[in-house]
Amino acid sequence: MWESLAIVMIVAGAWLWVDSLRARERALAAGRRACERYGVQFLDATVVFARLRLARDAEGQLRLRRTYTFEFSDTGDNRRHGAIVMLGGELQDMQLEPHRLQ
């Protein structure tokens, strides 16, 4: 009995880890694309995990909602903040701190 529960917990943990890696990679790509589109520098070439919650998608299905933060620069000598929200494996929302358009 305990062995079965331990195996289920290990498999669930491995699934969460792999699913989180996929969501992070998609968030990273979305952050890069947004920075290219707005003509700003994507700093540190990474996103940072900030929050994990459960939320419902448009069809009412329960999904993991992950929030990632990142930094960008509009002038090259400052740091501004951005946030990316992934619902499951899909981009739900992206916010960039106000900045000067080039």
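A salt bridge is taken here as a side-chain nitrogen of Lys or Arg within 4 Å of a carboxyl oxygen of Asp or Glu. By that criterion, a search of the whole structure, which is a predicted model, finds eight salt bridges. Side chains of opposite charge can pair when their charged atoms come close.

## Salt bridges

Three of these pairs are set out below, with the distance from N to O and the relative accessible area where a value is available.

| Pair | N to O distance | Accessibility of the partners |
|---|---|---|
| Asp19 and Arg66 | 2.8 Å | both buried |
| Arg24 and Glu25 | 3.6 Å | Arg24 26%, Glu25 47% |
| Glu71 and Arg79 | 2.4 Å | Glu71 23%, Arg79 45% |

The pair formed by Asp19 and Arg66 joins helix 1, where Asp19 lies, to strand 3, where Arg66 lies, and therefore ties together parts that are 47 residues apart in sequence. Asp19 and Arg66 are both buried. Arg24, by contrast, is partly exposed, with a relative accessible area of 26%, and its partner Glu25 is likewise partly exposed, at 47%.

Glu71 and Arg79 belong to a network of salt bridges that also takes in Asp44. Within this network, Glu71 is partly exposed at 23% relative accessible area and Arg79 is partly exposed at 45%, whereas Asp44 is exposed, because its relative accessible area of 52% lies over the 50% limit.

## The loop between strand 1 and strand 2

Asp44 is found in the loop between strand 1 and strand 2, the latter covering residues 48-56. Its phi is positive, near 65°, although the residue is not a glycine. Ala45 is in the loop between these two strands as well, and it also has a positive phi, of about 50°, without being a glycine. Ala45 is partly exposed, with a relative accessible area of 43%.

## Helix 1

Helix 1 comprises 37 residues, from 2 to 38. At 1.5 Å a residue the helix should span 54 Å, and the C-alpha atoms at its ends are 53 Å apart, so the two values agree. Gly39 follows the helix and has a positive phi, near 70°.

Which residues of helix 1 are buried? They are Asp19, Ala23, Ala27, Leu28, Ala30, Gly31, Ala34 and Cys35. An α-helix has 3.6 residues a turn, so residues three or four places apart point the same way. The buried residues of helix 1 pack against strand 1 (41-42), strand 3 (62-73), strand 4 (80-87) and strand 5 (90-96).

Ala27 illustrates this packing. The residue is placed in helix 1 and is buried, because its relative accessible area is 0%, under the 20% limit. Leaving out residues up to four places away in sequence, Ala27 touches Val47, Tyr68, Ile84 and Met86. Asp77, on the other hand, is 50 residues from Ala27 in sequence and 24 Å from it in space, C-alpha to C-alpha.

A nonpolar surface patch of about 580 Å² is formed by Met1, Trp2, Leu5 and Met9. Met1 is located in the segment before helix 1 and is exposed, with a relative accessible area of 77%.

## The nonpolar core

In soluble globular proteins, nonpolar side chains tend to be buried together. The largest nonpolar core of this model has 12 residues: Ala23, Ala27, Leu28, Cys35, Val40, Phe42, Val47, Tyr68, Phe70, Phe72, Ile84 and Met86. Helix 1, strand 3 and strand 4 are the elements that give two or more residues to this core. The largest share, four residues, comes from helix 1.

What does Phe70, a member of this core, contact beyond its neighbours within four places in sequence? Phe70 is in contact with Cys35, Phe42, Thr46, Val47, Arg80, His81, Gly82, Ala83, Ile84 and Leu96.

Thr67 is placed in strand 3. Is this residue buried or exposed? Thr67 counts as buried, because its relative accessibility is 13%. Not counting residues up to four places away in sequence, Thr67 touches Val48, Phe49, Ala50, Arg51, Ile84 and Val85. Ile84, a member of the core, is thus named among the contacts of Ala27, Phe70 and Thr67.

Terms used: Residues are numbered from 1 along each chain as its sequence is written. This is a predicted model: local features need pLDDT of at least 70, side-chain atom pairs count only at pLDDT 80 or more; totals for chains, interfaces and linings use all residues. Side-chain values use heavy atoms; hydrogens and water are left out. The expected span of a helix is 1.5 Å times one less than its number of residues. Buried means under 20% relative accessible area, exposed over 50%, partly exposed in between (1.4 Å probe, protein chains only). Contact means heavy atoms within 4.5 Å. A nonpolar core is a set of buried Ala, Val, Leu, Ile, Met, Phe, Trp, Tyr and Cys residues joined through side-chain atoms within 4.5 Å. Patches are made of residues with over 30% relative accessible area and no salt bridge: like charges are joined within 9 Å, nonpolar side chains (Val, Leu, Ile, Met, Phe, Trp, Tyr) within 5 Å. Accessible areas come from the Shrake-Rupley method with a 1.4 Å probe; for residues, only the protein chains shown count as cover.
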